[in-house]
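Ready for a walk through a protein model? Have the picture open and turn it as you read.

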Amino acid sequence: MAEETRTLDDLKDLAPEAAPAEPEAPEPQIDALGRAYATGKRKNAIARVWIKPGGGRYTVNGRDEMTYFARPVLRMLIGQPFVAVDRTGQYDVWCTVTGGGLSGQAGAVRHGISKALSLYEPGLRKTLKAGGFLTRDSRVVERKKYGKRKARRSFQFSKR
């Protein structure tokens, strides 16, 4: 049983281990037509979104953004991801939306645009994530319960 005793001088001779390499940035996921695709969801609405470099046109279900989302608040909502990363007017958006109402559909389009943008330019993911654009808003309408007028509202009580 020969035990080796090492000193600090012996440890100097050991080769330093290679430092862990920095993780490589993920590559953009772009199809043959130069577009990035993502699916966005909000309430009961589902949006399939494609983005590609362009002049900033939005096409929703074959119609212009101004006619589909007539309220300015909804148009502002779907433009938020581009404003957050300073890419306003640099991408064309083409999407199809099903289910839900206009507010839920606008939220689904915003979620889809954010995901597609992070796939097209992976460097923007950190900014979009910090802004909360990549997280699906899981709030949905609560179901109606029996013995109630709505989900929680009771019938009006009268003593007579």
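Let's begin with a hollow in the surface. This is a predicted model, and its largest pocket has a volume of about 200 Å³. Fifteen residues might sound like a crowd, but that is how many line this pocket: 15 residues, with Arg-42, Leu-77, Gly-107, Arg-110 and Asp-137 lying nearest its centre. Two elements, β1 and α4, each give two or more residues to the lining. Of the elements, α4 gives the most, with six residues.

So where do you find β1? Look for the sheet. The sheet is open and has five strands, in the order β1-β2-β5-β3-β4, and their pairing is mixed. What does mixed refer to? Strands of a sheet pair through backbone hydrogen bonds, and they can do this either parallel or antiparallel. At the edges sit β1 (36-42) and β4 (63-64), each of which pairs on one side only.

Now step across the sheet from the β1 edge. The neighbour of β1 is β2 (residues 45-53); the two run antiparallel and are joined by seven bridges. You can check a couple of facing residues yourself: Gly-40 is opposite Ala-47 in β2, and Thr-39 is opposite Arg-48 in β2. Between the strands of this hairpin there are two residues, and Lys-43 in the hairpin has a positive phi near 50 degrees. On to the next pair: β2 and β5 also run antiparallel, with eight bridges joining them. Here, Val-49 stands opposite Cys-95 in β5.

Next, see what is nestled in the middle. In soluble globular proteins, nonpolar side chains tend to be buried together. The largest nonpolar core in this model has 29 residues, and Ile-51, Phe-69, Val-109 and Leu-117 are the ones with the most contacts inside it. Strands β1, β2, β3 and β5 and helices α3 (72-84) and α4 each give two or more residues to this core. The largest share, seven residues, comes from α4, the helix you met at the pocket lining.

Zoom in on Val-109 for a moment. Which residues does Val-109 touch, leaving out those up to four places away in sequence? The answer is Ala-47, Val-49, Phe-69, Ile-78, Cys-95 and Val-97. Two of these have come up in the sheet already: Ala-47 stands opposite Gly-40, and Val-49 faces Cys-95.

Finally, visit two loops with a twist in the backbone. Most residues other than glycine have a negative phi. Asn-61 is not a glycine, yet its phi is positive, at about 50 degrees. You'll find Asn-61 in the loop between β3 and β4. Is Asn-61 buried or exposed? Neither quite fits: its relative accessible area is 31%, so Asn-61 is partly exposed. Asp-86 is another residue other than glycine with a positive phi, near 55 degrees. Asp-86 sits in the loop between α3 and β5. Its relative accessibility is 60%, and because exposed means over 50%, Asp-86 counts as exposed.

Definitions and conventions: Residues are numbered from 1 along each chain as its sequence is written. This is a predicted model: local features need pLDDT of at least 70, side-chain atom pairs count only at pLDDT 80 or more; totals for chains, interfaces and linings use all residues. Side-chain values use heavy atoms; hydrogens and water are left out. Two strands pair if DSSP finds at least two bridges between them. Helices (H or I, at least four residues) and strands (E, at least two) are DSSP runs, numbered from the N terminus. A nonpolar core is a set of buried Ala, Val, Leu, Ile, Met, Phe, Trp, Tyr and Cys residues joined through side-chain atoms within 4.5 Å. Buried means under 20% relative accessible area, exposed over 50%, partly exposed in between (1.4 Å probe, protein chains only). Contact means heavy atoms within 4.5 Å. On a 1 Å grid over the protein atoms alone, a cavity is a set of points where a 1.4 Å probe fits but cannot get out, and a pocket is an open set with protein on both sides within 12 Å along at least five of seven lines; lining residues have an atom within 4 Å of a point. Grid points are joined across faces, edges and corners, and a volume is the space filled by probe spheres set on the points.
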